[in-house]
Amino acid sequence: MLALLFSLFQLLVYLPQVEEDVRESNQNSYHGILSLVQGSINSNLIAGRWGELSSQLSDLSGVEGVLWAAVVDTNRTVLASTRYQWQQHYLWGMGLDLSETRYLLAEKQKRGIIDTVHSTKWVAYYPLDSFADGQLRSQQTAMLVVGLDISNKLKSAHKNVLIQSMELFSILFALAFFAGLLYRKVVVSRINNIQQMAIAFASGNVSARAEVVGRDEVAHLAQNFNAMANAIQSDRRQLLEAEMRTRSILVNAPDAILTADEKGYLITANPAAVALFMLPDDNLHQITLFSLLSVSEQSVVSSVDVSTRIARLEQLSETVGVRLDRTTFPMEITITEYDTGSLLQYVVIIRDISERKIAQEELNYLTLNDPLTGLPNRSLLLQRLYSAIERCRRTDENIALLFLDLDNFKNINDSLGHDSGDELLVAVSQRLLNQCEGFGVLARLGGDEFGFLLEQGEAVFAPNHFAAQILSLFERPFLVKGYDLFVTPSIGVVHYAGEKIAAQQLLKEADIALYRAKELGRNQYCLYDHALAGMVNNRLEIENQLRYALSRNEFLLHFQPKVDAKTRKIIGAEALIRWNSPERGMVSPVEFVPVLEETGMILEVTQWVITEACRVLKAWHQQGLMVQLAVNLSAMDFRQQDLVDQINTQVSNFGIEPRWLELEVTEGVLLDDLQRTSEMLSAFKREGYKISLDDFGTGYSSLSYLKRFPLDCLKIDRSFVRDIPSDQNDVALVNAILAMASSLGLVVVAEGVEELAQVEFLSEKGCDYFQGYFFSKPLSESDFEVLLRADA
């Protein structure tokens, strides 16, 4: 059938093309023939050889497809013709165009014109040269007109096409027959194999696979089937594994996992759910999800509509569960609706959060309470303070806030250890708590700082008296690790009577008062007033101005001579920093050095001092003024790990020997970190620097400290020198210091020497060097050089 259709299609498509080719071929053939005879006919016409002309036309009519031929003038008179009845007659009709226009058109075409009269009938017009008409005695034009018929040639072509189509049909039919046999053998059998394998696979034989033969489309189909079978088998295996994992998760999940139907009755429960709610092994479907809630929680979700109850339960997030033994526990619940279209179920995940609640309560306690002392912490005190301030603004009540800080608590930690420090803090908190009971809140703010919020009793109106009572509590020692420890507090007090200030401002005022109490000498209280605020503002201004002082070159060094007690010659000097402020003028170090230390700016300033001291030493030595220069280092300086390298770099850059630079430290520096300070001082000592202990006697001086550190010199504080020899206590202290220094091989410098009697007493007792106004006040660099040259 396919071959027949193809043959018909070929016939229908090819036949019009063949006809067109026949017409074109015959038209070209006729043009060739007529062009050949056109010349001879034209010669006979001009010569008047009519017999020969007629003979030529007869020969022309013998050509296949030529129906007739005639020579006609422009008057349509037939001059010669294959049809003798036409001669000397006029040709009219027959669809002939014998006009002069046609003649001219034919003449223009050169080879003449062939017009189609019918699908198989043509008329050819060929122009002839002019000839002499004997009758008209004039020149006439004529045309060769030929009637043509190609019907036989078209029939012949149609027959050939038909024969070719039949031959093609026969060939295609034979090919189709043999292709069918081959297709059945090569393709159908293989497809049947694939079909059988597909049926087997669908029946459950997941290992069934099609045989792959060849590389054609059927082979690709078999490969695709096998690939699909492999994928399905893999997916099935993964589904089984996923099901096993899911089952394992359900069995081993620590959370209770339940499923319930659309009415809320349980369908399944994992082991964790069974254990958590003490569910029975059977009759699970008789238990509703809502029966697992405590009675109070059931009332929250109560509703006739199950879906509404489920929705309300889902909104709870956290609720209270009940076991079969009626014990309750806090739980976290998550409900997911699962709708397959025909079945509605709920998946419920429940987590016992009892331990989390306990941990949360402990965390809340730790968030608001100090773990060491059990007292409220800063956060809880702030909450109580906010509430108290709001209450005071609505009523006529007053409150008071006290900040307490233990003096020199760090020394206790460093010397006795942190365990002893913690034990002391617990003992202090108990003593303070007993005093504060009934008046308000006692809180530990952090470290060794405590806060009192007085809200009740007479202490609210007289907080300074309450602070005095607190101070008296510290007159008795605290028993720590078998030792009696005496500690003193500093207390800042602020009274609040409903003023429109914020809680943070009240905290700030209490802090200012505490700071002032420490400045006044510790072991006392200070009541906040606006004058203190002015002092704080002044300090802030100093801090802000100091931040620009170094970059603006506002610092300078003055030098106070150090005099040999025996020769009274200047052997060195102490470099003292001064601040020449554009706003304040020359500022005393007492005002700005503590600010530098508290803000950390002291580190940069110390670097500047070291650089300046090295520069000055270099300049003096180049002038032959060989003196030693002392510089002061703070506790913060010693917290830098690379302090030794920093100073070594400066000394090396200026080409100075370290022995000419003396480093002065206070007892506070030594006690800041005993181990680190000892190691750093030993490193300085190995480099060749001289080390002095400044203001000796004002701190916690002890022989053990002096033996531990590599010191070269002790400097007796001016407070002990000021009243000698008249004050016997100071005399005894100075004698003890001189004796101790002598036994340790240390030289002694007496500071603040201003009177001759002091010079004589100290010389007699063996003091090595003097420093004070008796010899010279601190001088500028140029003035000190003048003094050195005069003393040489």
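**A five-stranded sheet and its salt bridges**

User: In what order do the five strands of the open sheet lie?

Analyst: This is a predicted model, with local features needing pLDDT of at least 70, side-chain atom pairs counting only at pLDDT 80 or more, and totals for chains, interfaces and linings using all residues. Residues are numbered from 1 along each chain as its sequence is written, and side-chain values use heavy atoms, leaving out hydrogens and water. Strands are DSSP runs of E, at least two residues, and helices are runs of H or I, at least four, numbered from the N terminus; two strands pair if DSSP finds at least two bridges between them. The pairing here is antiparallel, and the order is β7-β6-β10-β9-β8.

User: Which are the edge strands of this sheet?

Analyst: An edge strand pairs on one side only. Two strands do so: β7 (266-269) and β8 (318-322).

User: By how many degrees are neighbouring strands turned against each other on average?

Analyst: Axes are lines fitted to C-alpha atoms, for helices over the stretch in contact, and angles run from 0 to 180 degrees between N-to-C directions. For neighbouring strands of this sheet, direction is ignored. The average is 35 degrees.

User: Which strands does helix α8 touch?

Analyst: Contact means heavy atoms within 4.5 Å. Helix α8 (residues 306-316) packs on the sheet, and its direction makes about 125 degrees with that of β9. The strands touched by α8 are β8, β9 and β10.

User: Which residue in β9 stands opposite Glu 318?

Analyst: Five bridges join β8 to β9 (residues 328-339), and the two run antiparallel. Opposite Glu 318 stands Glu 332.

User: Which residues are linked with Glu 318 and Glu 332 in a network of salt bridges?

Analyst: A salt bridge is a side-chain nitrogen of Lys or Arg within 4 Å of a carboxyl oxygen of Asp or Glu. The structure holds 26 of them. Linked with the two glutamates in a network are Arg 356 and Lys 357.

User: Is Asp 149, in its salt bridge with Lys 121, buried or exposed?

Analyst: The closest N and O atoms of this pair are 3.6 Å apart. Asp 149 lies in β5 (residues 138-149) and Lys 121 in β4 (residues 121-133), 28 residues apart. Buried means under 20% relative accessible area, exposed over 50%, and partly exposed in between (1.4 Å probe, protein chains only). Because its relative accessibility is 16%, Asp 149 counts as buried.

User: How many residues apart are Asp 407 and Lys 518?

Analyst: Their side chains meet in a salt bridge at 3.4 Å, N to O. Asp 407 sits in the loop between β11 (399-406) and α11 (409-416), and Lys 518 in helix α14 (residues 503-519). The separation is 111 residues.
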